[in-house]
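Me: Please take a close look at one side-chain contact in this model. Start there, then work outward to whatever surrounds it. Keep it brisk.

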Amino acid sequence: MENKQELLSLINAHVTDLIKEENADALIIFNQANYRYLTNFTGEEAQLILTASGERVLLSDSRFAGQIKAQAPGELDVVMKHSSDYEELTKALKKMNVKKVLVEGEFVSASEYEKLKQLNPELEFVMVEELVERVRNIKDDLEIAALRKAIDISMESFKGILPMINPGVKERAIGAKLDYLFKVNGGDGPDFDTIVASGVRSAWAHGVASDKELAEGDMIVIDFGSFYHGYAADITRTVALGEVDAEMHKIYDIVHKAQRRGIAAAVAGNTGYDVDKAARDYITEQGYGQYFGHGIGHGIGLEIHELCQPALPFRTTKLVNNMVHTVEPGIYLPDKGGVRIEDDILVHDQTPETLSTLPKDELISL
């Protein structure tokens with residue numbers, strides 16, 4: 001816990017520096033991932049006030065009193081709420097020497113924001129976007145260790161469902177078994193709705209597992225990931241059930257080579273655009289550019305999708321050491337099928353490390 005407390009102190013200091021840069025006195029945090037990051041408290045019902053001087057006030061309720069005591073190290077004032085969130089926030093703010101208060105704009109509605117202002121007419125409130133996330137983007141050693149474990153659990157679970165891939169098996173059954181194996185193998189469960197998309201549905205980039213039965217000749221896109229201690233893995237593999245169409249073999253090879261180019265570009269100093277361009281240009285050169293419609297990737301961490309919001313898009317973000325992000329090119333042919341290959345990449349100077357190591361060099365036929 002001592003190491004964790006030291007890391008939390010450092011992390012909170014980085015965020016208080018950003019509060020000061022905004023010439024503000026405090027930040028109200030509503031995002032669960034963000035208050036977890038700053039306190040280590042994992043409960044789903046809380047708000048955190050962090051001041052520019054480093055004072056932390058966590059507002060929760062009696063259900064989580066013991067959990068907060070066990071999980072949250074360091075100096076932390078805890079308020080057990082007995083009225084509405086905004087009334088309790090008002091009480092807490094009135095006890096603090098603050099005048100300008102930042103609010104996480106992505107996590108309050110317009111009506112909630114107005115209510116906060118009405119209850120505190122003497123204070124200036126300013127909406128900000130992704131302030132804590134700017135610090136979260138760069139992972140510390142404990143976070144990287146948790147991500148590695150989440151990825152290992154996810155890969156082991158994927159291996160466990162391969163024997164199930166047979167004609168007549170429903171996509172939903174494969175997805176359910178994966179979700180089950182995540183927990184059996186030590187994870188916290190799926191970090192998004194597991195995608196199992198077969199046949200023509202493999203051209204659906206987000207084809208969540210359905211009642212469709214697998215059939216001979218299907219391409220099957222499986223996009224999956226488990227949480228581990230709150231950190232999310234995100235991996236995709238495409239496999240074939242029996243012999244598939246020659247063009248599907250062709251696009252698999254193109255996607256694989258495009259991904260290799262994208263990963264090679266994921267070096268410190270480049271941007272997400274450089275990663276995207278390296279992969280996309282190759283797919284376009286091979287005549288399939290119109291069939292790759294989504295972005296090349298996103299960050300991962302305490303949330304499955306990081307570095308993908310308007311304030312901090314992956315495309316314009318400069319990569320620095322210890323960022324972890326996906327590289328996931330795909331080609332999706334309408335009414336025929338698709339291919340996606342996705343891995344989790346740790347930025348490490350000029351040598352990106354691929355954390356997810358499931359086989360992918362050849363199309364796996366089952």
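**A threonine and its surroundings**

Reply: The side chains of T326 and E328 are joined by a polar contact of 2.9 Å. Keep in mind that this is a predicted model.

Start with the threonine. T326 sits in strand β15. Is T326 buried or exposed? Its relative accessible area is 0%, so T326 counts as buried. Which residues from further along the chain touch it, leaving aside neighbours within four places in sequence? T326 is in contact with D234, I296, G297, H298, I300, E342, D343 and D344.

Now the strand itself. β15 covers residues 324-327. V324 and T326 point one way from it, while H325 and V327 point the other way. Residues on both sides are buried: V324, T326, H325 and V327 alike.

β15 has a partner strand, β18, which spans residues 343-346. The two pair in the antiparallel sense, over four bridges. Where does T326 fit in? Its bridge partner in β18 is D344. D344 is also one of the contacts of T326.

Strand pairing takes other forms elsewhere in the chain. Strands of a sheet pair through backbone hydrogen bonds, and the sense can be parallel or antiparallel. For the parallel case, go to β3 (residues 56-60) and β4 (residues 77-80). Four bridges join these two strands. One position to look at is S60, which stands opposite M80 in β4. Between the strands, the chain passes through helix α3 (residues 65-71), and this β-α-β crossover is right-handed.

A further antiparallel case is an open sheet of three strands, in the order β7-β10-β11. Its edge strands are β7 (189-190) and β11 (231-232), each pairing on one side only. Two bridges join β7 to β10 (residues 226-228) in the antiparallel sense. There, G189 has F227 in β10 as its bridge partner.

Next, the packing. Nonpolar side chains in soluble globular proteins tend to be buried together. The largest nonpolar core here has 62 residues, and I19, L27, L38, I165 and I222 touch the most other members. Helix α7 (residues 141-161) gives the most to this core, with nine residues. A second, separate core holds 31 residues, including A240, I296, F314 and I341. I296 brings us back to the starting point, being among the contacts of T326.

I165 deserves a closer look in the largest core. What does I165 touch, leaving aside neighbours within four places in sequence? Its contacts are I174, L214, I220, I222, V239, L241 and L366. I222 is another of the residues that touch the most other members of the core.

Then the charges. Side chains of opposite charge can pair when their charged atoms come close. How many salt bridges does a search of the whole structure find? The search finds 21.

Take E306 and K139. Their closest N and O atoms are 2.8 Å apart in a salt bridge. The pair links distant parts of the chain: E306 is in the loop between α10 (272-285) and β13 (308-309), and K139 is in the loop between α6 (131-136) and α7, 167 residues apart. E306 and K139 are each buried. They also belong to a network of salt bridges that links R136, K139, E303 and E306.

The loop between α6 and α7 also holds N137. N137 has 8% relative accessibility, so it counts as buried. Not counting residues up to four places away in sequence, N137 touches L307, L312, N322 and M323.

E171 and R201 form another salt bridge, with closest N and O atoms 2.4 Å apart. Here helix α8 (residues 171-184) supplies E171, and the loop between β8 (195-198) and β9 (219-224) supplies R201, 30 residues apart. Both partners are buried.

K336 and D245 also pair, their closest N and O atoms being 3.3 Å apart. K336 lies in the loop between β16 (330-333) and β17 (337-340), and D245 in the loop between β12 (235-240) and α9 (246-264), 91 residues apart. Why does K336 count as partly exposed? Its relative accessibility is 35%, and partly exposed runs between the 20% and 50% cut-offs. D245 is partly exposed too, with a relative accessible area of 38%.

Conventions. Residues are numbered from 1 along each chain as its sequence is written. This is a predicted model: local features need pLDDT of at least 70, side-chain atom pairs count only at pLDDT 80 or more; totals for chains, interfaces and linings use all residues. Side-chain values use heavy atoms; hydrogens and water are left out. Two strands pair if DSSP finds at least two bridges between them. Buried means under 20% relative accessible area, exposed over 50%, partly exposed in between (1.4 Å probe, protein chains only). A crossover is right-handed if, with the strands pointing away from the viewer, the path from the first strand over the helix to the second runs clockwise. A polar contact is a pair of N or O atoms within 3.5 Å; within protein, one must be able to donate a hydrogen and the other to accept it, and residues adjacent in sequence count only if both atoms are side-chain atoms. Contact means heavy atoms within 4.5 Å. A nonpolar core is a set of buried Ala, Val, Leu, Ile, Met, Phe, Trp, Tyr and Cys residues joined through side-chain atoms within 4.5 Å. A salt bridge is a side-chain nitrogen of Lys or Arg within 4 Å of a carboxyl oxygen of Asp or Glu.
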